[in-house]
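Trainee: Could you take one part of this model and go through it closely for me, with the criteria stated as you go?

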Amino acid sequence: VQDGEAASPGQPQSPPEWIERPRDPELAAIFIEEAREVLAALETTLAAGASAFEERERAVEVRRGFHTLKGSGRMVGLERFARAAWCVEDALNAWLEHGRGLAPDLVRLACEARARSEDWIEAFERNGEASIDIAKLEAWAECIKREEPLPEDTDARGREAQAVREI
């Protein structure tokens, strides 16, 4: 089962702790609208690929976007969603404050998190819930903070993020 998708018969189910639902339907609608705006802005900034963070201000903008997603997610009770955003924010903080991590890997992490967040937002809108697996984002953020290269990716979404990195 991919992030955000419901399992169909015969497919393994996501662990129950991965399933998140916004607490309040009215706040959820506002959250979804705001998240779409933030994700669109992130897509624009990250479209520059590996050069996206050549200007420090772009990295600050991306960090601010993920900070907004984190706070908005927490406001509606989406702790795993918020944690995914925090992984990117934290890695960017380390890079901005201490120069830790490679800019292309940061862009790759941010692109992956943005794509997954978009999937989760679509699932919230369509199903009222999403399966949020953040293990990969957490692992990548830790690699960046330890100044280790990110592992090669085998799934389709990861290959897209890898291609962006190489542009």
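Mentor: What follows is a close look at helix H4 and its surroundings. This is a predicted model, in which local features need pLDDT of at least 70 and side-chain atom pairs count only at pLDDT 80 or more, while totals for chains, interfaces and linings use all residues. Residues are numbered from 1 along each chain as its sequence is written, and side-chain values use heavy atoms, with hydrogens and water left out.

Helix H4 covers residues 103-127, where helices (H or I, at least four residues) are DSSP runs numbered from the N terminus. Its 25 residues should span 36 Å at 1.5 Å a residue, and the end C-alpha atoms, 35 Å apart, agree with that; the expected span is 1.5 Å times one less than the number of residues. Because 18 of the 25 residues are buried, H4 is largely enclosed by the rest of the structure, buried meaning under 20% relative accessible area (1.4 Å probe, protein chains only).

Ala-123, in H4, is buried at 0% relative accessibility, and its C-alpha lies 9.9 Å from that of Arg-21, although 102 residues separate the two in sequence.

Within H4, the side chains of Glu-112 and Arg-116 form a salt bridge at 2.8 Å, N to O, the term requiring a side-chain nitrogen of Lys or Arg within 4 Å of a carboxyl oxygen of Asp or Glu. These partners are 4 residues apart, and therefore separated by about one helical turn; Glu-112 is buried at 0%, and Arg-116 also counts as buried, at 6%. Just after the helix, Gly-128 adopts a positive phi of about 80°.

Conventions
Helices (H or I, at least four residues) and strands (E, at least two) are DSSP runs, numbered from the N terminus. Buried means under 20% relative accessible area, exposed over 50%, partly exposed in between (1.4 Å probe, protein chains only).
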